Amino acid sequence: MKNRAKLLAYPYIVWMAIFIVIPLLLVFFYSITSGNIYEPSSLSFTLEHYSKFFDMLYLNVIWKSFRLAIISTVLCLVLGYPVAYIISKSKQKHRSLLLLFFLLPIWMNFLLRTYAWMAILSPNGFLNKALEFFGLPPIEIMPGQTAVVLGMIYNFLPFMVLPIYTVLSKIDKNVLEAAADLGANSFITFIKIILPLSVPGIVTGITMVFMPAVSTFVISRLLGGGKELLIGNLIEQQFTIYRDWHFGSALSIILMIMILVSMAIMSKVDNNNNDDEGRTAMW
Amino acid sequence: MSRKIIELKNLTKSYNGTKAVDNINLFIRENEFITLLGPSGCGKTTTLRMIGGFENPDSGDILFEGVRINDLPPYKRNINTIFQRYALFTHMNVYENIAFGLRIKKTPKDEMDRRIKKMLKLVELEGFEKRHVDSLSGGQQQRVAIARALVNEPKVLLLDEPLAALDLKLRKEMQIELMDMQKNVGITFIYVTHDQEEALTMSDTVVVMNNGVIQQVGSPVDIYNEPKNRFVADFIGESNILEGVMIEDYLVEFAGKKFKCVDKGFQHNEPVDVVIRPEDIDVTRREDGLLEGVVTSVVFKGVHYEMLVESNGFEYMIHSTDMQEVGSEVGLTFGPEDIHVMKREVTEIEKQG
């Protein structure tokens with residue numbers, strides 16, 4: 001019986017090998033070689049692509065990518081937590097509808113949504129038209145970092161709301177009553193019970209917003225107007241414009257390692273919160 | 001008699017038009033162990049939750065030491081609750097769980113340590129301070145929940161089926177432990193259960209409820225021996241309930257015969273319900289019995305045999321340590337004090353008709 005069940009895992013293992021492990025190995029292989037990728041014999045080992053990265057030009061790009069991603073993630077958390085909390089507290093019959101409102105944007109195409117923000121934020125867009133109508137001076141945030149951050153928040157907010165909502169709605173109502181029973185008013189109950197119990201949802205939300213935000217190239221290209229080069233754009237350019245697969249691969253590996261490190265730090269925070277008694281770490 | 005600590009006056013609560021608690025009047029004395037007993041949906045938990053402040057009554061008053069507390073939120077009531085599924089704080093260890101209420105009251109550290117130590121000793125969980133509550137067994141979790149409530153030294157402790165999730169053996173142990181604790185700490189316990197045996201074992205006073213209405217209030221012995229109506233007789237223990245007529249004081253007719261009994265105060269020829277407990281009926285030789293019958297089934301129950309004896313169209317349940325063969329003809333006998341006469345219940349349908 002047990003061995004039969006194992007057989008069911010094979011298709012996925014094969015899938016994983018072909019589409020995840022082998023490509024990753026290839027990316028790693030390209031990142032430490034140079035030469036013509038179509039002529040294997042011309043390839044030779046080198047670490048120059050990695051050393052090339054440690055140039056202020058590229059370091060600035062990665063710094064900016066992380067900075068914008070962190071700002072977007074923090075704002076998503078600040079905006080998303082209350083939303084998730086309110087939905088989880090609302091009556092059962094209203095819940096699905098409220099949740100739908102916040103998740104509806106995901107059903108639409110990602111590019112379409114971002115183009116919509118271009119239409120809103122561009123110098124002659126809806127926003128400035130509206131400001132003009134009320135006799136206010138126009139604001140120029142697009143192209144620019146503000147527009148990129150706004151685009152990130154809009155696109156990734158549902159991924160913050162959903163995991164936090166899930167965790168909050170799973171908190172046993174009895175536990176909150178127990179806190180009230182022991183003398184905690186609603187503020188203390190929130191700080192000492194609800195917030196700590198929702199940390200796993202917050203960590204998942206941060207992960208799910210931060211990872212796509214730090215590596216996006218569509219949002220920064222459309223809303224940054226080509227001025228705001230992020231690490232995602234840099235990698236994209238290496239493959240599509242400069243045809244330098246080796247440097248592109250090295251950049252991808254570096255980005256992966258940095259994301260991995262930030263996630264490890266996040267899960268460390270999560271674990272410290274859950275005090276003693278060996279809990280299994282995510283990493 | 002000690003004074004009344006809690007009084008419920010004309011308390012009513014409905015959910016979506018159905019009355020969960022219907023005009024209840026009850027008082028609870030200081031240091032009393034009182035149990036609300038009834039089948040699920042009888043309103044016992046709703047009553048408890050109203051005392052705790054988790055539900056607001058639609059009408060009626062809840063008095064605590066003579067003061068109306070209807071509008072007081074749970075965190076301002078000098079009452080603590082032990083919830084059915086313990087409701088421990090899973091992100092805290094045992095110490096922090098118990099310290100929760102004390103920290104809110106800003107208890108000094110050394111006093112807090114002392115009181116928590118005392119509690120852990122009481123619930124026999126010394127040395128468990130740093131343990132994570134998830135790593136404890138059901139019985140241990142239950143005891144943490146008890147310690148977490150008792151450490152606040154409430155005047156009243158509400159217990160909502162606290163032992164329902166434990167296995168039989170542990171449940172019996174915890175029953176004894178809870179009774180001991182109640183005597184030691186001198187706190188009023190309001191206990192909710194659907195388990196009649198648990199209610200009879202533990203309580204000073206049992207309140208039997210059904211359909212949101214109190215059926216009977218009394219000591220366990222009273223409730224068992226003198227059930228007020230058919231519902232109580234049926235719910236508490238096993239019973240044979242027969243329809244009869246009260247001929248006059250101390251004389252009742254049922255099963256086609258007249259019997260001496262110890263009940264009085266009924267009208268002449270008033271229709272009544274008669275209860276005879278299965279363990280009060282003795283099986284004799286056919287010719288020696290008050291009633292004659294045929295054994296239709298015998299089930300071994302461990303301590304006793306449960307037999308059904310058919311007599312004149314009625315099946316009597318009998319508990320006895322002596323077994324009879326199925327099909328054998330036997331006599332049944334019981335004394336006047338074994339016959340319990342109750343006023344006939346006017347059922348809802350009869351009321352409407």
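Reader: What area is buried between chain B and chain A, and what share of that area do carbon and sulfur atoms give?

Author: The model is predicted. In this model the contact draws on 27 residues of chain B and 23 residues of chain A. Carbon and sulfur atoms give 57% of the area buried between the two chains, and that area is about 2200 Å².

Reader: Which residues in chain B lose the most area to chain A?

Author: On the side of chain B, three residues together account for 28% of what that side buries. These residues are B:Tyr75, B:His91 and B:Phe100.

Reader: How far apart are the closest N and O atoms of B:Arg85 and A:Asp172?

Author: Two salt bridges are found across the interface of chain B and chain A. B:Arg85 forms a salt bridge with A:Asp172. The cut-off for such a pair is 4 Å, and the closest N and O atoms here are apart by 3.7 Å.

Reader: Which element gives the most residues to the side of chain B that touches chain A?

Author: The elements of chain B that give two or more residues to this side are β6 (79-82), α2 (94-104) and α4 (138-150). The one that gives the most does so with four residues, and it is α2(B).

Reader: How many nonpolar, polar and charged residues has the side of chain B that touches chain A?

Author: The residues on this side of chain B can be sorted by class. The charged residues number seven and the polar residues eight, while the nonpolar residues number twelve.

Reader: Why is one side of β6 and of β10 in chain B left without a neighbour in the sheet?

Author: Six strands of chain B form an open sheet with mixed pairing, in the order β6-β7-β8-β3-β9-β10. Strands β6 and β10 (213-218) stand at its edges, so one side of each lacks a neighbour in the sheet: each has a single partner strand.

Reader: What is the bridge partner of B:Leu37 in β9(B)?

Author: Strand β3 (residues 33-37) of chain B pairs with strand β9 (residues 205-210) of chain B in the parallel sense, over four bridges. In β9(B), the bridge partner of B:Leu37 is B:Val208.

Reader: Which residue in β19(B) is the bridge partner of B:Gly293?

Author: An open sheet of five strands in chain B has antiparallel pairing and the order β15-β19-β16-β17-β18. Within chain B, strand β16 (residues 291-300) is joined to strand β19 (residues 329-333) by four bridges, and the two run antiparallel. The bridge partner of B:Gly293 in β19(B) is B:Val330.

Key:
Residues numbered from 1 in each chain as written. Chains lettered and ligands numbered in written order. Predicted model: local features only at pLDDT ≥ 70, side-chain atom pairs only at ≥ 80, totals over all residues. Heavy atoms only, no water. Contact = heavy atoms within 4.5 Å. Buried area = accessible area lost by both parts, 1.4 Å probe. Salt bridge = Lys/Arg side-chain N within 4 Å of Asp/Glu carboxyl O. Nonpolar A, V, L, I, M, F, W, Y, C, P; charged D, E, K, R; others polar. Pairing = 2+ DSSP bridges.
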